[in-house]
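Colleague: I have a few questions about this chain before I go back to the bench. Can we take them one by one?

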Amino acid sequence: MPLKDYLITEKPYYQSTGKEIVHFEAAYADRMPIMLKGPTGCGKTRFVEHIAYCLGKPLVTVSCHEDMTASDLVGRYLLDANGTVWQDGPLTLAVRHGAICYLDEIVEARQDTTVVIHSLTDDRRILPLEKKNEVVRAHPDFQLVISYNPGYQSVLKDLKESTKQRFGAIDFNYPSAKLEAEIICHESGVEQAVADKLIKIAERSRNLRGHGLEEGASTRMLIHVGQLINRGVPLGEACDVALVLPITDDPDIRSALGSAISACA
């Protein structure tokens, strides 16, 4: 298999929060492009990894950023000892060989870059390589998945409607308190009582969304806190390192979070 290095060989730990697996599998049956919408660190990437493992398909992941060009996705000519050779980009690799291509946080990419996916997200399912004068027809197993954080919407950072409407969408959010505690325990190794305290801290931080914080503590951050605690770092210090300091520089917000941590510790 050309993309055997992109196969996920160990089943990722994932706890379903609704019907997202059923809906994705139904979409995959018709290779419908899918958009995963939700806040940072709520499990979107882990979900894609879980799905790719269950389907037995390679997963090509691209972390989008504002300097990413169309050539970074589709490929470019490079010089080697034998002259000029074409090198496929990650999107082209997935299209040729039938992988799931996951464009993570696509809103971070420039809109003139994301336009290259349009011909792959309708009934054409083709990828024109203009520099190579080639049209790549998508492998029957190819599927495009993007993630999108609605909390980052702005005039400058948002997807075009012409892009959004090409995708089916699955909403993600933070798990219920009980399920989130189970995830923290499994991923970090802390006891249930510690995980319950972290959930209370997270809830208070999420209540500050729109009142000084763009987003509260994510599930990923809580796992990081738990990992520090499991290594012997006191809860308050672990929260400072993995939760408070990363999400805000505002002294008042830090103080409010510190009070919430002290109350829950």
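Colleague: Take contacts in the protein chain between residues at least 6 apart in sequence: what percentage join residues at least 24 apart?
Modeller: Keep in mind that this is a predicted model. The chain has eleven helices and nine strands. Among contacts between residues at least 6 apart, the share that joins residues at least 24 apart is 71%.

Colleague: What percentage of the residues of the protein chain count as buried?
Modeller: The cut-off for buried is under 20% relative accessible area. The protein chain has 265 residues. Of these, the buried share is 46%.

Colleague: How much area does the protein chain expose, and what percentage do carbon and sulfur atoms supply?
Modeller: The exposed area is about 13,500 Å². Of that area, carbon and sulfur atoms supply 48%.

Colleague: How far apart are the mean positions of the positive and negative charges?
Modeller: The protein chain carries 29 positive and 36 negative charges. Take the mean position of each set. The two means are apart by 4 Å.

Colleague: Which residues are the closest to the centre of the largest pocket?
Modeller: The largest pocket holds about 490 Å³ of space. Its lining counts 26 residues. Helix H2 (44–55), strand E5 (100–104), helix H7 (177–188) and helix H9 (219–230) each give at least two of them. The closest to the centre are Gly41, Cys42, Gly43, Lys44 and Arg46.

Colleague: Which residues line the largest cavity?
Modeller: The count comes to one cavity of 30 Å³ or more. The largest cavity has a volume of about 30 Å³. Its lining is Ile106, Val107, Ala109, Arg110, Gln111, Thr114, Asp158 and Leu159.

Colleague: Does Ser119 count as buried or exposed?
Modeller: Ser119 sits in the loop between helix H5 (111–114) and strand E6 (126–129). Leaving out residues up to four places away in sequence, Ser119 touches Arg124, Arg125, Ile126, Leu127 and Pro128. Its relative accessibility is 8%. That is under 20%, so Ser119 counts as buried.

Colleague: Why does Arg125 count as buried?
Modeller: Arg125 lies in the loop between H5 and E6. The limit for buried is under 20% relative accessible area. Arg125 counts as buried because its relative accessibility is 18%.

Colleague: What is the phi of Arg31?
Modeller: Most residues other than glycine have a negative phi. Arg31, in the loop between helix H1 (20–29) and strand E1 (34–37), is not a glycine. Yet its phi is positive, at about 55 degrees.

Key
Residues numbered from 1 in each chain as written. Predicted model: local features only at pLDDT ≥ 70, side-chain atom pairs only at ≥ 80, totals over all residues. Heavy atoms only, no water. Helix = DSSP H or I, 4+ residues; strand = E, 2+ residues; numbered from the N terminus. Buried < 20%, exposed > 50% of the residue type's maximum accessible area, 1.4 Å probe, protein only. Contact = heavy atoms within 4.5 Å. Areas by Shrake-Rupley, 256 points an atom, 1.4 Å probe, with all protein chains shown as cover. Lys, Arg positive; Asp, Glu negative; His and termini not counted. Charge placed at Lys NZ, Arg CZ, Asp CG, Glu CD. 1 Å grid on protein atoms, 1.4 Å probe; cavity = no way out; pocket = protein on both sides within 12 Å on 5 of 7 lines; lining within 4 Å. Points joined across faces, edges and corners; volume = space filled by probe spheres on them.
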